[in-house]
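Trainee: Please take me through this structure and explain each term as it arises.

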Amino acid sequence: MKPLQASSGDLNADRRADFAETLLASGEPAQAAELLLGALELAPRWAAGWFRLGEMQEVAGLLDQAAQAWAMALKLEPADRLGAALKLQLIGKAPAAAAPPSAFVETLFDHYADGFEDSLVKKLGYGLPDFLGRSIGTARPGRFRLALDLGCGTGLMGERLRPFVDRLEGYDISAGMLRKAKAKGIYDLLAKADLQHFSHTGDRADLVVAADVFIYLGALERIVGAVATVLAEDGIFAFSLETLAGGGDFALLPSRRYAHSEAYARRVLCANGLAVLSLESMVIRHDRRDPVEGLVIVAGKGHPV
């Protein structure tokens with residue numbers, strides 16, 4: 001991802017940065033990084049430039065230098081909209097964190113809101129909403145009084161839920177995504193919310209859905225606890241995960257998304273009084289033409305495991 005702040009504010013620095021991108025595209029990452037470093041001498045407070053420098057140095061195999069560049073980006077912009085902390089974690093230069101910076105997730109989806117659906121559905125083969133909708137119908141046929149669509153995005157999941165839901169509420173961290181969802185006219189309520197700190201004060205819901213959302217959360221204890229609190233006694237919780245290969249509970253992937261293990265998901269659900277009703281594997285989407293394996297889980301209150 002190129003820097004969101006495309007201009008350094010210095011014309012000469014911008015010209016050098018553009019040429020650095022050309023060198024990177026032609027397969028010369030070390031030379032590109034050297035040229036961009038020269039641009040940053042002219043614009044030393046360009047946080048996005050430092051972030052991009054780190055990416056170029058990473059491609060060139062200069063990981064110590066990349067770490068220094070990302071640390072500078074983080075110092076200049078502590079909110080970390082570009083996710084420098086995640087890059088540092090991935091190369092082992094920072095301790096693993098339980099969640100990504102909220103500003104990174106918000107900025108990422110604001111940035112991609114306009115072309116999100118075309119990219120996800122047409123290019124990446126995204127079929128999760130249909131699959132998850134069928135899993136919900138199998139677990140509990142019929143209508144739902146109130147459904148919460150967590151991380152609703154542009155409303156792809158909401159479109160599948162609307163035909164069998166009386167009231168549909170959508171929550172997302174991205175204002176850009178919420179604007180797209182509002183234009184569809186399928187939600188009774190849309191609200192901006194950071195799911196790392198989600199709470200709900202309205203009526204209890206008999207359906208809560210989180211489609212392709214937990215890949216941007218990491219640790220699940222808090223959000224599953226919040227869902228368990230808001231669920232009605234006969235409510236169900238339907239969500240997806242990227243599958244974690246190997247051991248462990250969850251891990252940050254090079255994509256800067258999180259993968260989770262089945263055992264971890266079951267343990268967190270059980271700790272919050274939720275039992276697995278169904279669990280299925282599927283290809284959630286494709287990433288650089290490679291299939292992304294995932295789990296679709298439907299859990300409920302008051303049901304045996």
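Mentor: We begin with burial: a residue is buried if its relative accessible area is under 20%, exposed if over 50%, and partly exposed in between (1.4 Å probe, protein chains only). Helices (H or I, at least four residues) and strands (E, at least two) are DSSP runs, numbered from the N terminus. The model is predicted, so local features need pLDDT of at least 70 and side-chain atom pairs count only at pLDDT 80 or more, while totals for chains, interfaces and linings use all residues. Residues are numbered from 1 along each chain as its sequence is written, and side-chain values use heavy atoms, with hydrogens and water left out.

Trainee: What makes helix 11 largely enclosed by the rest of the structure?

Mentor: Helix 11 covers residues 221–230, and 7 of its 10 residues are buried, so the helix is largely enclosed. The buried residues are Ile-223, Val-224, Gly-225, Ala-226, Val-227, Ala-228 and Val-230. Among the elements that cover them are strand 1 (144–150), strand 4 (205–210), strand 5 (231–242) and helix 12 (262–271).

Trainee: Why is strand 5 described as largely enclosed?

Mentor: Of the 12 residues of strand 5, 10 are buried, so the rest of the structure largely encloses this strand.

Trainee: How do you know that strand 4 and strand 5 pair?

Mentor: Two strands pair if DSSP finds at least two bridges between them. Strand 4 and strand 5 have 5 bridges and run in the parallel sense, so the condition of at least two is met. One of the bridges joins Ala-205 to Leu-231 in strand 5. Strand 5 also pairs with strand 9 (290–301), in the antiparallel sense and over 7 bridges. There, Ala-238 stands opposite Val-298 in strand 9.

Trainee: Why is the unit formed by strand 4, helix 11 and strand 5 called right-handed?

Mentor: A crossover is right-handed if, with the strands pointing away from the viewer, the path from the first strand over the helix to the second runs clockwise. Strand 4, helix 11 and strand 5 form a β-α-β unit of that hand. Strand 2 (residues 165–172) and strand 3 (residues 189–192) pair in the parallel sense over 4 bridges, with Asp-172 bridged to Lys-192 in strand 3. Together with helix 10 (residues 175–184), strand 2 and strand 3 make a right-handed β-α-β unit.

Trainee: What does the UniProt record list for residues 148–239?

Mentor: The unreviewed UniProt entry lists "domain: Methyltransferase type" there. UniProt positions are given in the numbering used here, feature names are shortened, and annotations may be inferred rather than shown by experiment. Over residues 148–239 the chain is 28% helix and 33% strand, with the end C-alpha atoms 12 Å apart. The unreviewed entry also has "repeat: TPR" over residues 47–80, where the chain is 79% helix and 0% strand.

Trainee: Why is Ala-69 called buried?

Mentor: The relative accessible area of Ala-69 is 1%, so this residue counts as buried. Ala-69 is found in helix 4 (residues 63–76). A contact means heavy atoms within 4.5 Å; leaving aside neighbours within four places in sequence, Ala-69 is in contact with Trp-50, Leu-53, Gly-54 and Gln-57.

Trainee: Where does Asp-80 lie, and is this residue buried or exposed?

Mentor: Asp-80 lies in the loop between helix 4 and helix 5, and at 4% relative accessibility it counts as buried. Asp-80 is not a glycine, yet has a positive phi of about 65°. Glu-77 belongs to the loop between helix 4 and helix 5 (84–90), and with 17% relative accessibility Glu-77 also counts as buried.

Trainee: How many disulfides does the structure hold?

Mentor: The structure holds 0 disulfides, where a disulfide is a pair of cysteine sulfur atoms within 2.5 Å. Among the cysteines, Cys-152 is buried at 5% relative accessible area, whereas Cys-270, at 53%, counts as exposed.

Trainee: What makes the radius of gyration agree with that of a compact globule?

Mentor: The radius of gyration is taken over C-alpha atoms, and the globule rule is 2.2 Å times the number of residues to the power 0.38. For 305 residues a compact globule would have a value near 19 Å, and the protein has 21 Å, which agrees. The protein has 12 helices and 9 strands, and 52% of its 305 residues count as buried.
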